[in-house]
Amino acid sequence: GNACANIKIIEYRDQEQNTLMAAETKSPMLKERSSFLQKLDSRRRGLVELGSQVVPVWSTLSERSRLARMGLYGGVDYTIERIVVQNDEDSFVYKPNCVIYLRPSYPLVPRLERRWPIAVQESKIRLLLSSNIYNIFAALSATALAFTTMGFAAFLAAQLFSFTVVPSMSMKPTLEPGSVLLVEKL
């Protein structure tokens, strides 16, 4: 019924994206990154089953828009409510080219709410991570960003300022020998 119509619309819109996805994976750097992330995909690891929580992930802005049109928002945990395989048979576990029915695991902001669950052809989701893997990946990314920012700030501070120790009594009585000064290098 209605779920099949949604799937057909999704397939039609994605035909345009297939050539874009193929072009994006021609870059060696993107291929390597994509290969690493594909190894984490919950479908490959056997973690997609009825009732499990998954997170669709996008790697480009065009893919983000494509997923949003389907009703999937990157970084949102979804619970799998139903898995339909060939001949409209229900299944408890993932099978290639199945249709999965997803519902957010928690309430979304009002503008993102819609009729749930949504039916999505699983092959239209490039990367589907378990909630745990996604949270670990997000925490590691945030940590790396924080250390990079702190490293840059320390480097900048070292270029602009330095500590100097007064070595002699030549500046007495204003400065005593051994006093530490913060010197601006500009």
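Four helices and eight strands make up the secondary structure of the chain in this predicted model, and, when the sequence is followed from its start, these elements succeed one another in the pattern α-α-β-α-β-β-β-β-β-α-β-β. The chain comprises 186 residues, of which 32% are buried. Its accessible surface amounts to about 12,200 Å², with carbon and sulfur atoms contributing 61% of that area. Of the contacts between residues at least 6 apart in sequence, 60% link residues that are at least 24 apart.

Strand pairing can be described around strand S2, which spans residues 78–85 and runs antiparallel to strand S1 (residues 53–57), the two being joined by two bridges. Within the pairing of S1 with S2, Gln53 lies opposite Thr79 of S2.

Strand S2 also pairs with strand S3 (residues 89–91), again in an antiparallel arrangement, through three bridges, and in this pairing Ser91 of S3 stands opposite Ile83. Strands S2 and S3 together form a hairpin in which three residues separate the two strands, and Asn87, located in the turn, adopts a positive phi of about 60 degrees.

A further antiparallel pairing, extending over six bridges, connects S2 with strand S4, which covers residues 99–104. Here Ile83 has Ile100 in S4 as its bridge partner, while in S3 the residue opposite Ile83 is Ser91, and Ile83 thus takes part in the pairing with S4 as well as in the pairing with S3.

Terms used:
Residues are numbered from 1 along each chain as its sequence is written. This is a predicted model: local features need pLDDT of at least 70, side-chain atom pairs count only at pLDDT 80 or more; totals for chains, interfaces and linings use all residues. Side-chain values use heavy atoms; hydrogens and water are left out. Buried means under 20% relative accessible area, exposed over 50%, partly exposed in between (1.4 Å probe, protein chains only). Contact means heavy atoms within 4.5 Å. Accessible areas come from the Shrake-Rupley method with a 1.4 Å probe; for residues, only the protein chains shown count as cover. Two strands pair if DSSP finds at least two bridges between them.
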